[in-house]
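Biologist: Could you take me through how to read a few features of this model, giving the general idea before the particular case?

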Amino acid sequence: MKKNILITGGAGFIGSHVVRLFVNKYSDYNIVNLDKLTYAGNLANLKDIEDKPNYTFVKADIADLDEMRRIIREHAITGIIHLAAESHVDRSIKDPFTFARTNVMGTLALLQAAKEYWESLPEKYEGKLFYHISTDEVYGALELTNPEGVESPFTTTASSTEHHLAFGTDFFLETTKYNPHSPYSASKASSDHFVRAYHDTYGMPTIVTNCSNNYGPYQFPEKLIPLFINNIRNRKALPVYGKGENVRDWLFVEDHARAIDLIFHRGKVADTYNIGGFNEWKNIDLIKVIIKTVDRLLGNPEGCSDELITYVTDRAGHDLRYAIDSRKLQKELGWEPSLQFEEGIEKTVRWYLDNQEWMDNITSGDYEKYYDDMYKNR
Ligand code: NAD
Ligand code: TYD
């Protein structure tokens with residue numbers, strides 16, 4: 001059967017990598033990218049594939065139920081990969097309602113529209129899939145029991161041998177109880193529950209995956225890594241929240257996209273998979289790697305950007321540590337990250353420095369004002 005795949009949020013960071021992968025790899029699929037083009041959506045992320053015959057872009061809001069009904073029917077959608085969301089924790093602290101509207105009501109509208117269309121077909125749910133992309137942040141925060149870091153008990157290709165650290169003894173498993181703290185993670189947790197409810201109540205074939213922090217090209221520069229690369233280039237302060245001791249588990253975005261491809265095609269319906277590379281970094285250590293890499297690639301004297309580090313008021317409710325246990329995905333579907341972190345960071349820094357026009361377009365105008373407002377009181 002020819003597959004008509006709806007990818008929501010395809011003009012955003014991760015979505016654009018998923019759209020590119022599917023459009024290039026599956027010439028016999030029709031890929032429909034549905035995106036509202038909020039501040040985070042940017043069609044320049046997809047310039048290289050926009051003219052491909054198997055690609056269509058539709059501008060729409062996932063919270064508009066009638067539009068979702070129309071689009072799903074018009075394109076005879078058989079599979080949905082749902083990434084559209086409000087995604088930045090700091091924005092969710094300032095404006096939680098937008099997060100509830102898009103992440104909760106938007107996901108619900110998409111589920112309902114898919115349900116109505118698929119149930120109207122003679123074969124109903126056969127050959128259909130609603131695949132929901134979520135985050136590890138729904139699990140809450142882990143303890144930081146090894147503040148200096150100890151050798152990780154798990155093998156991985158993502159983390160280099162010099163930095164193979166675990167900052168605590170526990171990890172998020174697929175069975176870990178949900179315990180979200182920020183309005184962002186609370187809204188994602190709620191959307192995950194709705195997706196599972198549509199499976200359990202109506203029999204819709206669904207899958208949910210929860211991934212750790214992504215990094216790589218095309219990420220909006222309000223998130224740590226692209227923000228700091230851009231600030232170093234422009235000799236602006238690097239705002240480190242609190243003491244810089246929070247821990248995040250970083251995965252190269254193309255490895256996440258590959259996992260999504262694998263799970264979309266071979267994942268078990270009604271199941272959940274955690275995606276991560278066992279690659280924990282304390283923020284301040286990661287920031288030092290970024291500074292070193294940017295300075296080297298710009299030809300700056302080593303250490304000249306250390307003075308830009310500026311400790312600022314901590315994020316409210318700042319989760320201490322995220323660390324994903326992705327052994328289920330590795331064991332059941334054979335997924336492995338392809339890149340070591342140092343390679344991934346080098347690739348990422350090079351990309352942002354080589355694509356200054358992309359960055360300058362995004363950071364001019366409204367964003368500049370948002371950024372100044374966000375940071376002036378910290
Ligand atoms: P992003 O903010 O870069 O992109 C989100 C996209 O969704 C944008 O293109 C935006 O225009 C679109 N969008 C927002 N509201 C919409 C609406 N109402 N209707 C239609 N489109 C809308 O986000 P991202 O970092 O690419 O994250 C994508 C997904 O992956 C999200 O669901 C996020 O929760 C999840 N996720 C992200 C990370 C990460 O580290 N970035 C990690 C795990 C999971
Ligand atoms: P971020 O990229 O916003 O991702 P998330 O909050 O989803 O993990 O932040 C990554 C980490 O970096 C997080 O611990 C907050 C911290 N951080 C800073 O210290 N300064 C900043 O300017 C930003 C954006 C984040």
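**Strands, loops and a helix pair**

Modeller: Strand S8 (residues 206–211) and S12 pair in the parallel sense, over four bridges, where pairing requires that DSSP finds at least two bridges between two strands. Helices (H or I, at least four residues) and strands (E, at least two) are DSSP runs, numbered from the N terminus. This is a predicted model, in which local features need pLDDT of at least 70 and side-chain atom pairs count only at pLDDT 80 or more, while totals for chains, interfaces and linings use all residues. Residues are numbered from 1 along each chain as its sequence is written, chains are lettered from A and ligands numbered from 1 in the order in which they are written, and side-chain values use heavy atoms, with hydrogens and water left out.

Biologist: Which residue stands opposite asparagine 274 in S12, and how should I read the two faces of that strand?

Modeller: In a regular strand the side chains alternate between the two faces of the sheet. Asparagine 210 is the residue opposite asparagine 274. In S12 (residues 272–275), Thr272 and Asn274 lie on one side and Tyr273 and Ile275 on the other, and all are buried, so that both faces are covered; buried means under 20% relative accessible area, exposed over 50%, and partly exposed in between (1.4 Å probe, protein chains only).

Biologist: Where does alanine 270 lie, and is it buried or exposed?

Modeller: Alanine 270 is in the loop between helix H7 (253–266) and S12, and its phi is positive, about 75°, although it is not a glycine. Its relative accessibility is 42%, and therefore alanine 270 counts as partly exposed. Phenylalanine 278, in the loop between S12 and strand S13 (280–282), also has a positive phi, near 50°, in a residue other than glycine. Phenylalanine 278 counts as buried because its relative accessibility is 3%.

Biologist: At what angle do helices H6 and H10 pack?

Modeller: Two packed helices are described by the angle between their axes and the distance between the axes. H6 (residues 224–233) and H10 (residues 341–354) pack at about 55°, with axes 10 Å apart; the axes are lines fitted to C-alpha atoms, for helices over the stretch in contact, and angles run from 0 to 180 degrees between N-to-C directions. The two helices are therefore oblique to each other, since angles under 35 degrees count as roughly parallel, over 145 as roughly antiparallel, 65 to 115 as roughly perpendicular and the rest as oblique. Ile225, Pro226, Ile229 and Arg233 of H6 make the contact (heavy atoms within 4.5 Å) with Ile345, Thr348, Val349, Tyr352 and Leu353 of H10.
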